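Work through the exercises below with the coordinates open. Try each task before reading its solution.

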Amino acid sequence: MTLEEDDSTWLIELESALLDGCTPCEINLITKGKRIPENLRPDVWLVCLNCQEMGNQLLLFDEVFDLPNQNDLRDDVKKFVQKLDNDDDEKLSVISDIESIITFYCKSKSHSYASNNGWIEILFPLLSLKLPRGDTYNLFEKVLKLYIPNGCVSNGVPFHILRLIIQYHDPELCSFLDTKRITPEQYCMPWLRSLFSGTCSLEVVLFMWDLYFQRSDPFFIFFLCLIMIINAREQLLQMKNEDKATIIKVLSSMPRDLEANDISDFCSLAHYYSLKTPVSFREDVIDVLYSNSGVEINSKLYSQALCLPVAVHELIETATVDVADADTVKFFLVDCRPAEQYNAGHLSTAFHLDCNLMLQEPNSFNTAVQGLLNAQQQALAAGSLAAGEHLCFVSSGRTEEDSYAHMVVASFLKKNTKHVSMLDGGFVAIHDYFGPHMTDCLEDHNTTMCLVCAPNNNNNANKPAENRPRDNAPAIQLFSKLSSAMKAKSQEVKGKLIEYIVNPTSQSNNGDWHVSANDRKEQRYRNVPPVFSINDEDEDSYSDNRRDVSNSDTLDEMVDIKNFLQGPNIVNNFTCQEVLSNGYMFDSHLVVTETHLIILREIPNKKGVAKILSRRPLSTIVKITAKKRHPELITFKYGVPDGDNLLIKDMDRFLIPNAAVATKIVSNQIVSQLDNKLQ
């Protein structure tokens, strides 16, 4: 097949999908990062922004232009349109449309217009679609609601969040900008306010928005900004002798150099960095940035944060679950509490770096840091459960002890160590997460010495007076206050992985436990009772170990769906969508027989034909979970007996419209099979 024929094929498939009422995810699967043709772009954007059924809201506009700052709006529109290459008649039409849409938006939403807020720039690409004015207004309203972060003002939260992301991925560049007293708001305010439409050419913006809207991920703009900055790092780092204004000017103008041919690689890089950023941080701040609650967020919680925070549920999940996806963030856990606290209980995968050594014995501390870095590399080479390229530091979580821990983290950042984070809430968060399961989940947990179990034990009483931290409580408390959303999340999922965590049997501190080649991931599932269960799952788990069985273990058997579903031993079947760990979805059928769960994946362009993706024996299903927020999203987990224990081997996830019925039938069939075996 020639390239032209291939291009023609996907275009025909896209046109057909749009006529059939597709989703943004389906569009993304078809386009695979290609530029949307001009004739299809309006329909694609209407689908991606869910504007198809909104109607013409402008019919409610009284055509009265009497905003308090109407003259400012009119002048700004005229100045903007004068820069365009359109002829005079087109310019008058554009001026009329922009002023009408923004005036009606301000009146209907009770908002005030402000110069340079990015609204005019956002409207220009939308007007280029040449849609009816009502559709243009609907797209404009949805872009502002879904994609423009709250707080794009001086000292606003989005800019502090962007700085934390820059620091996480490129601490050297972040330190350089900090030294020059250059903050993100000084160069990227227009980027966030207009989604780059105020700084890039129209052709670039249209292609960028094609890819952006298909993702349905508003937070993606922060990674686009990150790539823009990192891409110029060599040029920026060579400007050490330039003044602040010159550097800001260079930063501000960078998007103008983007060409349409760069956009595919530009967005691919942004996607890569998004995968390399802790998910829980994004979960938390997305509620801050895109919430309509109107609650004001204290920007100091982000502006004064030492580094990027990680929620306890993400730390525990990535430390104990076999993550097959190489792009998933894996942490090397560094417990930097004093030795007596560490010895009273710690996670078995944690490397201990005594924070007290930093001031008391600097040489020993430096030796320990080198040992930490060597252990990290050995763990990665050995494939240990403790392995991870991302460093996550665990403090005590108690204000009175954490100043030393913050100094330790700051020392790593000063050395330009990438991917440095801290556990939000420290060891207290870990302790609260496991609750009554301490004995099973923590190594050497001693209830009489543990400061969480016995808070009146002051293990720091013997610390020399000259080494006691000074009172800098506001800075120390940042991580305990940073994320109420993360704490709430932890409470929801605190019991999720208890049954998958090893009850340590080996001697602790044996010197090589955290880099042992025998510490393979499948061993983490031991001591799990071999029982089948069905229950709720946390609302947003990004750490499943789902593999795409389409790439292995497939039967390559094609069947006629209708005939297959009428075959013998078929108990029931359910139309669904298989959901892979990367978010891709495939039209499928879940077929329940007397003994198996069969997954049929429909074959595109072959109506009524499917491939048998897998035949799962019902006896291997050990758990069925449903998302709390999305009860129709069902996960089947498979395992096999291993003596008195159990090994979790694989999992499948489906979006099932009749999920309650499907899970009941599957579970009843499993129970029936168990009963038959016992008879």
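**Exercise 1. After a helix**

Which phi does glycine 435 take, just after α23?

Solution. The model is predicted. Step 1: find the helix; α23 covers residues 426-434. Step 2: go to glycine 435, just after α23. Step 3: read its phi, which is positive, at about 55°.

**Exercise 2. Burial of that helix**

Determine how many residues of α23 are buried, and list them.

Solution. Step 1: apply the cut-off, under 20% relative accessible area for a buried residue. Step 2: count; 7 of the 9 residues of α23 pass, so the helix is largely enclosed by the rest of the structure. Step 3: name them. They are Gly426, Phe427, Ala429, Ile430, His431, Tyr433 and Phe434.

**Exercise 3. Strand order**

Work out the order of the strands in the open sheet, and find its edges.

Solution. Step 1: write down the order. The sheet has 5 strands, arranged β1-β5-β4-β2-β3, with parallel pairing. Step 2: look for strands that pair on one side only; these edge strands are β1 (308-310) and β3 (351-352). Step 3: check the pairing from the β1 edge. β1 and β5 (residues 420-423) run parallel and are joined by 3 bridges. Within this pair, valine 310 has leucine 423 as its bridge partner.

Step 4: move inward. Between β4 and β5 there are 3 bridges, again parallel. Here leucine 391 stands opposite valine 420 of β5. Step 5: take the next pair. Strand β2 (residues 331-335) is linked to β4 by 5 bridges, and the two run parallel. Phenylalanine 331 has histidine 390 in β4 as its bridge partner.

**Exercise 4. Two faces of β4**

Is each face of β4 covered or uncovered?

Solution. Step 1: take the whole strand, residues 390-394. Step 2: count burial; 5 of the 5 residues are buried, so β4 is largely enclosed by the rest of the structure. Step 3: split by face. One side carries His390, Cys392 and Val394, and the other carries Leu391 and Phe393. All of these are buried, and both faces are covered.

**Exercise 5. A charged patch**

Identify the residues of the negative surface patch, then place and classify aspartate 87.

Solution. Step 1: list the members, which are Asp87, Asp88, Asp89 and Glu90. Step 2: locate aspartate 87; it lies in the loop between α4 (70-82) and α5 (88-109). Step 3: classify aspartate 87. Its relative accessibility is 44%, so it counts as partly exposed.

Technical notes: Residues are numbered from 1 along each chain as its sequence is written. This is a predicted model: local features need pLDDT of at least 70, side-chain atom pairs count only at pLDDT 80 or more; totals for chains, interfaces and linings use all residues. Side-chain values use heavy atoms; hydrogens and water are left out. Patches are made of residues with over 30% relative accessible area and no salt bridge: like charges are joined within 9 Å, nonpolar side chains (Val, Leu, Ile, Met, Phe, Trp, Tyr) within 5 Å. Accessible areas come from the Shrake-Rupley method with a 1.4 Å probe; for residues, only the protein chains shown count as cover. A salt bridge is a side-chain nitrogen of Lys or Arg within 4 Å of a carboxyl oxygen of Asp or Glu. Lys and Arg count as positive and Asp and Glu as negative; His and the chain ends are not counted. The place of a charge is taken as NZ of Lys, CZ of Arg, CG of Asp or CD of Glu. Helices (H or I, at least four residues) and strands (E, at least two) are DSSP runs, numbered from the N terminus. Buried means under 20% relative accessible area, exposed over 50%, partly exposed in between (1.4 Å probe, protein chains only). Two strands pair if DSSP finds at least two bridges between them.
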